[in-house]
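Biologist: Please take a close look at one part of this model, and then set it against the rest of the chain. Keep it plain enough for a first-year student.

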Amino acid sequence: MAARREAMASLGRRLSLALCLGGGGGGGGGGSRAYYAPPLRRQLGGLYRPDPANPRTPWWQLRPGYEARVYGRHGAASGVDPATLWPSPQQLARDEAEERELCPSLRQMEAALDAREREEEARRREREELIAARMAKMPQMIADWRRERRERRAKVLEEKERRERLLAEVRERLGHNVDHRSPQFQEVVQEMEKERRKELKLQKKQHREQVVAKKAKEAAAAAAAASQPAKEGEAEIAGASHQAA
């Protein structure tokens with residue numbers, strides 16, 4: 001190989017020298033033609049087989065797929081036993097399970113389609129029943145909403161009237177207008193609330209006293225009514241004894 005490279009280098013030097021001396025070749029000037037050496041081709045000395053004992057062997061050359069590729073390219077000349085290229089029972093079982101999962105049978109696809117259609121139909125019926133039930137409750141819901149709106153409006157109006165009444169009472173007590181957000185207004189309102197609570201407490205006390213007096217009066221009347229027949233009986237007995245005497 002070294003001798004061949006040296007020969008090619010010597011030939012190249014001679015051709016370069018001839019070109020320099022004779023000039024560029026053209027029509028009829030007797031020049032030489034340029035020479036282009038063909039590229040060297042790498043020649044392998046036999047079939048390459050990876051050595052499992054060599055730590056420098058790439059890991060991908062030790063896989064079964066590499067052996068199958070070598071056998072597919074070189075055939076029996078590769079020295080690979082075709083029986084070793086078949087998958088193991090475990091690998092075959094995994095492949096079959098994966099195939100069943102990715103490519104189910106026609107019956108399985110029909111069963112899955114029927115199950116999906118039944119599920120969609122059940123969801124549709126459930127949705128329709130829910131809509132029908134809510135539509136049946138719609139008049140009552142509208143009536144409740146209107147009632148709640150009326151109550152809110154009445155409450156707002158009542159609060160507004162109460163505030164205006166308080167403002168009028170505070171204005172009458174102080175003798176001038178006052179802002180309902182001022183501390184003076186809050187103090188007067190608190191005093192009025194205390195007075196109102198006292199008055200309410202007094203009214204409750206008077207009501208209890210009236211109830212107690214009424215009950216006592218009713219009890220006295222009932223006792224008097226119960227004693228009247230007894231007195232009449234005694235009078236009759238006394239009269240009868242007097243006549244007998």
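Modeller: T57 counts as buried, because its relative accessibility is 11% and the cut-off for buried is under 20%. The model is a predicted one, and every value here is computed from it. T57 is found in the loop between α1 and α2. What does T57 touch, apart from its neighbours within four places in sequence? With those neighbours left aside, T57 is in contact with P50, D51 and L62.

Q61 belongs to this picture as well, since this residue too is found in the loop between α1 and α2; the helix at the far end of that loop, α2, covers residues 64-74. Q61 has a relative accessibility of 9%, so it counts as buried. Beyond its neighbours within four places in sequence, Q61 is in contact with Y48, P50 and Y66. P50 is thus named twice: it is one of the contacts of T57 and one of the contacts of Q61.

Burial of this kind has to be set against the whole chain. Of the 245 residues of the protein, 7% count as buried. The protein exposes about 22000 Å², and carbon and sulfur atoms supply 55% of that area. Among contacts between residues at least 6 apart in sequence, 17% join residues at least 24 apart. The protein has 5 helices and 0 strands, and along the sequence the pattern reads α-α-α-α-α.

How far can the model be trusted, part by part? The mean pLDDT of the protein is 79, and 76% of the residues reach 70 or more. Confidence is lowest in helix α1, residues 2-22, where the mean is 62. Over residues 22-30, pLDDT stays under 50, and for this stretch the model has 4 contacts beyond four places in sequence. Confidence is highest in helix α4, residues 106-174, at a mean of 90.

Helix α4 is therefore a reasonable place to go next, given that its mean confidence, 90, is the highest. E119 and R123 both lie in α4, 4 residues apart, which is about one turn of the helix. These two form a salt bridge, with the closest N and O atoms 3.0 Å apart. Neither end is buried: E119 counts as partly exposed at 47% relative accessibility, and R123 is partly exposed at 46%.

A second pair in α4 is E121 and R125. Their side chains meet in a salt bridge, at 3.7 Å from N to O. R125 and E121 are 4 residues apart in the helix, so about one helical turn separates them. R125 has a relative accessibility of 42% and counts as partly exposed, while E121, with 30%, is partly exposed too.

R124 and E128 make a further pair. Their salt bridge has its closest N and O atoms 2.6 Å apart. R124 is partly exposed, with a relative accessible area of 38%, and E128 counts as partly exposed at 43%. Both residues lie in helix α4, 4 residues apart, or about one turn. Salt bridges that share partners join E121, R124, R125 and E128 into one network. In the protein as a whole, the count comes to 9 salt bridges.

Further along the chain there is a nonpolar patch on the surface, formed by I131, M135, M138, M141 and I142. Together these residues have about 450 Å² of accessible area. M135, one of them, has its place in helix α4. Is M135 buried or exposed? Its relative accessibility is 52%, so M135 counts as exposed, the cut-off being over 50%.

Nonpolar residues also gather away from the surface. The largest nonpolar core has 8 residues in all: L166, L167, V170, V178, F185, V188, V189 and M192. The elements that give two or more residues to this core are α4 and α5, the latter covering residues 183-244. Helix α5 supplies the largest share of the core, 4 residues.

To return to the part you asked about, T57 and Q61 are both in the loop between α1 and α2. T57 is buried, with a relative accessibility of 11%, and Q61 is buried, with 9%.

Terms used:
Residues numbered from 1 in each chain as written. Predicted model: local features only at pLDDT ≥ 70, side-chain atom pairs only at ≥ 80, totals over all residues. Heavy atoms only, no water. pLDDT = per-residue confidence, 0-100. Contact = heavy atoms within 4.5 Å. Patch = residues over 30% accessible without salt bridge, like charges linked within 9 Å, V, L, I, M, F, W, Y side chains within 5 Å. Areas by Shrake-Rupley, 256 points an atom, 1.4 Å probe, with all protein chains shown as cover. Salt bridge = Lys/Arg side-chain N within 4 Å of Asp/Glu carboxyl O. Buried < 20%, exposed > 50% of the residue type's maximum accessible area, 1.4 Å probe, protein only. Core = buried A, V, L, I, M, F, W, Y, C linked by side-chain atoms within 4.5 Å.
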